[in-house]
Amino acid sequence: MRKNKKSFGKITFALAVSFTAVSLCGCASSDKGVNGQVIVYNWGEYIDPETIRMFEEETGIKVIYDEFETNESMYPKVESGAVAYDIACPSDYMISRMIENGMLSEINYNNMPNAKENIGEQYYEQSCGFDPENKYAIPYCWGTVGILYNKTMVDEPITRWEQLWDKKYADNILMQDSVRDAFMVAEKRNGDSMNTLDLTELTAAKNLLIEQKPLVQAYVVDQVRDKMIGGEAAIGVIYSGEAIYTQKENPDLVYVIPEEGTNIWIDAWVILKNAPNKENAEKFIDFMCRADIALMNFDYITYSTPNVAARELIEDESIKNSEIAFPDLSQYENLETYVYLGEDGDSLYNELWKEVKAH
Amino acid sequence: MTSKKNWLSVPYLFWSGLFIIVPLGMVVYYGLTDRTGAFTLENITAIASAGHAKALRLSLLLSLISTVICFLLAYPLAMILAQVQVRRHNFIILIFILPMWMNFLLRTLAWQTLLEKNGVINHVLTFLHLPTLKIINTPAAIILGMVYNFLPFMILPLYNALAKIDPNVINAAHDLGAGHIHTFFRIILPLSIPGIISGITMVFIPALTTFVISSLLGGGKILLIGDVIDLEFTKTSNWHLGSGLSMVLMIFILVNMVLSAIFDKDGEGSML
C-alpha cells in the first residue's frame with residue numbers, strides 16, 4: 001500500500017523495468033554469498049538499504065533485492081514464476097488473493113523468534129482479516145489513508161471526506177490515482193463499505209467521483225508529497241506514512257483520519273510457495289523483525305511499524321506517541337481493510353475507474 | 001549476397017529476433033487470448049467501448065494538433081537552415097538537438113515544474129503583475145509537451161529534404177517568371193513532400209502512443225489510449241486487454257508507415 005518516496009512515478013517504473021532486466025541477468029552469474037542467497041521482492045524505497053548490507057554481513061547470505069510499484073504489477077510477475085522470488089511484501093488484500101491461489105508457504109514461527117516476540121499481538125489480530133490463522137504473513141508496516149491539508153489554505157479544519165467535494169476548494173484537491181483508494185473515498189463518504197460489490201453503491205460512488213473530477217487538480221500517486229509540501233494544493237489524500245515526512249518539511253500540514261472512516265492497511269512479509277531458499281527467507285524476515293533493524297527501517301521510511309519492541313526504542317517522544325504514526329484505533333469508527341474482490345470484482349472496479357478517468 | 005555478408009548479419013538478425021519479433025509475438029498472443037488462454041477477439045473489440053474509444057479519439061486529436069503545430073513551426077526553420085551557410089546551420093541544428101541529449105522524462109518533468117500553479121513561470125508572471133498561466137493538467141499542457149519533445153523529429157527530415165533541392169531548380173522557376181509564393185507552392189513544397197511525410201510520421205506516432213507526457217502534464221485527469229494500456233499493464237494487471245489495445249494502436253502506426261513508405265522513397269527520416 002506504500003507509495004514511492006521519489007516523485008517520479010513513471011520514471012521509477014521505467015527504471016524499475018530496466019533495473020529488473022539488469023538484476024535478472026545478474027541472478028544467474030552473480031556470486032552467491034557463503035551461505036547462499038535470498039531473493040526479496042519489496043515496494044520501491046521501502047527499506048533502509050543499510051539493513052540489507054548488515055544482514056549480508058551478519059549471515060553471509062547474499063540478498064538479491066527487487067522492487068515493485070504496485071500490488072497489481074507485483075502479482076503477475078510472481079505468478080508467472082519468471083523469477084523465483086523467496087520473499088514478497090504485498091498488502092493485505094493481495095495477500096488474501098495469493099493465499100487463495102496457493103502461492104504462499106506457511107510460516108514456521110519456531111525459526112523466527114523475533115517475529116513472534118516483537119510484532120504486537122494486535123497487529124497479528126488485525127492480519128486475521130486476510131490471513132485468518134496468521135499462517136502466512138508477518139506484518140511489516142501498517143497505516144491509514146487520510147486527508148492532508150494545508151491549514152493556511154483552508155477556511156475551516158478538514159475533518160470529513162465530504163469536504164473534498166466542496167466547490168471552494170476547486171483545483172486545490174489532490175486525489176490518489178489508484179482505483180481502490182479513489183473509490184474508497186467516495187464509498188466511505190456515502191457510508192458504504194470500501195469492499196462493496198453492490199452495483200447501486202458502486203454506481204453512486206462512480207458518479208460522485210465524476211462529479212468531483214472538475215474540482216480535482218490532479219490524480220497523483222507519489223507526487224502528493226511534493227505537491228503538498230510545496231503548497232501546490234490545499235487538500236490531498238495521502239498515506240499516513242507519508243504524512244509524517246511531509247509535516248517535517250512543511251509544518252503547516254495537518255493529517256486527519258476522516259470521520260466517515262477510512263482504510264487501514266498492512267503490508268506484510270510472505271514466503272512464496274516455491275521459494276528456492278526458504279531457510280534464508282526465514283532468516284531475512286526474522287532479521288527485519290529485530291527491534292534495532294525495525295527501528296532503522298521506521299526512521300528511514302517513516303511508515304508505522306507493528307514492531308512494538310522497535311517503537312519502545314524510539315527516542316523522540318513526539319514521534320513515539322505520534323497520533324499519525326500510532327493512532328489509537330479504538331477511537332475511530334468505520335476503519336476497514338481492503339479484501340480481495342475476486343477477478344470479476346476487480347474488473348468491475350477497474351471498468352468504473354476507467355469511466356471516471358475518461359470522463 | 002555473399003556468404004560473408006550473411007554471416008555478418010547474424011548478430012543483427014538474432015538481436016531483432018529476440019527483442020523485436022519475440023516480444024511482438026507475445027503481444028499478439030496475449031492480445032488474442034483471455035485469462036484462461038482461450039482464443040478471443042474481445043481484447044481487440046474492447047476498443048469500441050465508450051471509455052477506450054474516447055481515449056483513442058482524444059489521442060488522435062491531440063497528436064494531430066501537435067503534429068500540425070510542429071509542422072508549422074518546423075517548416076520555416078528548416079527553410080532558413082537550408083539556406084544559411086554550413087557552419088552556422090550546424091550550430092543551429094545543435095541547439096535543437098542539444099535538449100535531446102537529456103533524458104526525455106526529465107525534460108517533461110521540468111515542464112511540470114515550470115507550469116505548476118506555484119511553478120517558475122507563474123512566479124515570474126506574478127512578479128510582473130501579469131495574470132497567471134493555468135494550463136497544467138489540461139490538454140493544452142499535453143500538446144505543449146508533445147510539441148516540445150517531438151519538434152526536433154520534424155525539423156531534421158524537413159531540413160534534409162529541403163537541403164537536397166537543387167538551387168538551380170528554384171532559380172529556373174524564378175527565371176521563368178514565378179514569384180516567391182508561386183515557387184514555394186509549385187516547386188519547394190512538392191519537392192519536400194518526402195521530408196514532410198517522414199516528419200509527420202516521426203511526430204505523430206510517438207505522440208499517439210505516449211503515456212508519460214499525458215500522465216506528467218495531464219495530472220491523471222486526461223486519459224489517452226497510451227494511459228489506458230499503461231493502466232492495464234501496471235495497475236490492473238490485465239495484460240490481455242493491454243496487448244489487445246496495443247494491437248489496435250499498431251494498426252494506426254502501420255497505416256502511417258505504409259503512407260510514409262510510399263512517399264518517402266529516399267528515406268529522409270533515416271537521417272536521424
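**Exercise 1. Describe the contact between chain B and chain A in this predicted model.**

Solution.
Step 1. Count the residues on each side: chain B gives 22 residues to the contact and chain A gives 28 residues.
Step 2. Find the elements on the side of chain B that touches chain A. Helix H3 (50–83), helix H5 (104–115), helix H11 (212–217) and helix H12 (225–234) of chain B each supply at least two residues.
Step 3. Sort that side of chain B by class: eight residues are nonpolar, nine are polar and five are charged.

**Exercise 2. Decide whether B:Ala55 is buried or exposed, and list what B:Ala55 touches.**

Solution.
Step 1. Locate the residue: B:Ala55 lies in helix H3 of chain B.
Step 2. Count its neighbours: 26 other C-beta atoms lie within 10 Å of B:Ala55.
Step 3. Apply the cut-off: a residue with 20 or more such atoms is buried, so B:Ala55 is buried.
Step 4. List the contacts, leaving out residues up to four places away in sequence. B:Ala55 touches A:Ala358 in chain A, and B:Leu223, B:Leu224, B:Ile225, B:Asp227 and B:Val228 in chain B.
Step 5. Set a distance beside a sequence separation: B:Ala55 and B:Arg35 are 20 residues apart along the chain, and their C-alpha atoms are separated by 24 Å.

**Exercise 3. Describe how the two domains of chain A meet.**

Solution.
Step 1. Give the bounds: domain 1 of chain A covers 9–142 + 266–330, and domain 2 covers 143–263 + 332–358.
Step 2. Give the separation: the centres of the two domains, taken over C-alpha atoms, are 26 Å apart.
Step 3. Count the residues in contact: 19 come from domain 1 of chain A and 18 from domain 2 of chain A.
Step 4. On the side of domain 1 that touches domain 2, helix H4 (92–100) and strand S5 (137–150) of chain A give two or more residues. The largest share, five residues, comes from H4(A).
Step 5. Sort that side of domain 1 by class: ten residues are nonpolar, six polar and three charged.

**Exercise 4. Describe the packing of helices H8 and H15 of chain A.**

Solution.
Step 1. Choose the quantities: two packed helices are described by the angle and the distance between their axes.
Step 2. Read them off: the axes of H8 (residues 199–212) and H15 (residues 342–358) of chain A come within 9 Å and cross at roughly 25 degrees.
Step 3. Apply the cut-off: angles under 35 degrees count as roughly parallel, so H8(A) is roughly parallel to H15(A).
Step 4. Add the handedness: the crossing of H8(A) and H15(A) is right-handed.
Step 5. Name the residues: A:Leu202, A:Lys206, A:Leu209 and A:Ile210 in H8(A) meet A:Leu348, A:Leu352, A:Glu355 and A:Val356 in H15(A). Six residues of this contact are nonpolar, none is polar and two are charged.

Note on methods. Residues numbered from 1 in each chain as written. Chains lettered and ligands numbered in written order. Predicted model: local features only at pLDDT ≥ 70, side-chain atom pairs only at ≥ 80, totals over all residues. Contact = placed C-beta atoms within 7 Å. Helix = DSSP H or I, 4+ residues; strand = E, 2+ residues; numbered from the N terminus. Nonpolar A, V, L, I, M, F, W, Y, C, P; charged D, E, K, R; others polar. Buried ≥ 20, exposed ≤ 12 C-beta atoms within 10 Å, placed from the backbone. Domains from an automatic or database assignment. Axes fitted to C-alpha atoms, helices over the stretch in contact; angles between N-to-C directions. Parallel < 35°, antiparallel > 145°, perpendicular 65-115°, else oblique. Left-handed = near helix turned anticlockwise from the far one by under 90°.
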